[in-house]
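Student: Could you take me on a close look at one part of this model? I would like to see how the sheet is put together and what surrounds it.

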Amino acid sequence: MSLRLKFVLSIGSLILMLGLGGTLLARLTMTHFSEDELDKRALTIAQDLEDRAGELILTNDTFSLYSHIDDLTSNNEDITYIVVFDAEGNVRASTFTEGLPAGLRDANSVPSGRMYSLASLRTSEGELIDAAYLIDDGRVGIVRIGMSTDRLHHEVNSLTYEMLALAAGVIAAA
């Protein structure tokens, strides 16, 4: 084997290892960062709805409650569902047209002494982040918001493929 071929193979192997290592690190970092941001978005949206829902439940203004929920779902493509329960656990508003799915009511509860809870749920529609937020410390009810992780995973996968293609291109050029 000639010295030139050994040199090219060594450089190619080094580029491949660095490309794969860098891609793996970027994927893990981006996934963690994106999941944290989705959690924050879910809590922010839930808190926004909690601010409005308390008054709307107490005044029995169901139309405005549904209108606000519609605005939230229209402006946030990652929202899969929103459910507002009153203090007795009755559904006051929901994006589900055919009733609450089995098991959703008990899938995420807020621990005592906390204002909210986040849970990761696996459903027939994919993986979701479920945010539960108490309305007026739970005296009025609770807001539940489901956020899909599909777009997040799609973006991370796209970045991974781009980085692997870049590494392959550099190796091919070497």
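Tutor: Happy to. Strands here are DSSP runs of E of at least two residues, numbered from the N terminus. With that in hand, A119 can be placed in strand β3. Please keep in mind that this is a predicted model.

Let us begin with the whole sheet. It is an open one made of 5 strands, in the order β2-β1-β5-β4-β3, with antiparallel pairing. Its edge strands are β2 (91-94) and β3 (116-123), each of which pairs on one side only. On average, neighbouring strands of this sheet are turned by 20 degrees against each other, ignoring direction. Strands of a sheet pair through backbone hydrogen bonds, which can be parallel or antiparallel in arrangement. Helix α1, residues 3-58, lies across β1 (79-86), β2, β3, β4 and β5 (141-148), and runs at about 40 degrees to β4.

Now to the β3 edge. Strand β3 pairs with β4 (residues 126-135) in the antiparallel sense, over 8 bridges. One position to find on your screen is R122, whose bridge partner in β4 is E127. A119, which is in β3, has a relative accessibility of 17%; buried means under 20%, so A119 counts as buried. Leaving aside residues up to four places away in sequence, A119 touches A107, N108, L128, I129 and D130. For a sense of distance, take A119 and R4: they are 115 residues apart along the chain, and their C-alpha atoms are separated by 56 Å.

The β3 and β4 strands also share an aromatic pair. A pair of aromatic rings is described by the distance of the centres and the angle of the planes. The count of such pairs comes to 2. In one of them, Y116 and Y133 have ring centres 6.1 Å apart and planes at 10 degrees; planes under 30 degrees apart count as stacked, so this pair is stacked. Because Y116 lies in β3 and Y133 in β4, the pair ties together parts that are 17 residues apart in sequence. The two rings' residues fall into separate classes of accessibility: Y116, at 30%, counts as partly exposed, while Y133, at 10%, counts as buried. Y116 has a further neighbour in R114, which lies over the face of the ring at 4.9 Å from its centre.

Next, cross to the β2 end of the sheet, starting from β1. Of the 8 residues of β1, 7 are buried, so this strand is largely enclosed by the rest of the structure. On one side, β1 pairs with β5 in the antiparallel sense over 7 bridges, and the bridge partner of I82 in β5 is I145. β1 is also joined to β2 by 3 bridges, again running antiparallel. Here V83 stands opposite S94 in β2. The hairpin of β1 and β2 has 4 residues between the strands, and G89 in this hairpin takes a positive phi near 90 degrees.

S94 is a good place to finish. This residue of strand β2 counts as buried at 13% relative accessibility. Its side chain reaches the backbone nitrogen of F96 at 2.9 Å. Not counting residues up to four places away in sequence, S94 touches Y66, I82 and V83. The last of these, V83, is the residue that stands opposite S94, and I82 is the one bridged to I145 in β5.

Methods
Residues are numbered from 1 along each chain as its sequence is written. This is a predicted model: local features need pLDDT of at least 70, side-chain atom pairs count only at pLDDT 80 or more; totals for chains, interfaces and linings use all residues. Side-chain values use heavy atoms; hydrogens and water are left out. Two strands pair if DSSP finds at least two bridges between them. Axes are lines fitted to C-alpha atoms, for helices over the stretch in contact, and angles run from 0 to 180 degrees between N-to-C directions. Contact means heavy atoms within 4.5 Å. Rings of Phe, Tyr and Trp (its six-membered ring) pair if their centres lie within 6.5 Å; planes under 30 degrees apart count as stacked, over 60 as edge-to-face and the rest as tilted. Buried means under 20% relative accessible area, exposed over 50%, partly exposed in between (1.4 Å probe, protein chains only). A charge sits over a ring if NZ of Lys or CZ of Arg is within 6 Å of the ring centre and within 35 degrees of the ring normal. A polar contact is a pair of N or O atoms within 3.5 Å; within protein, one must be able to donate a hydrogen and the other to accept it, and residues adjacent in sequence count only if both atoms are side-chain atoms.
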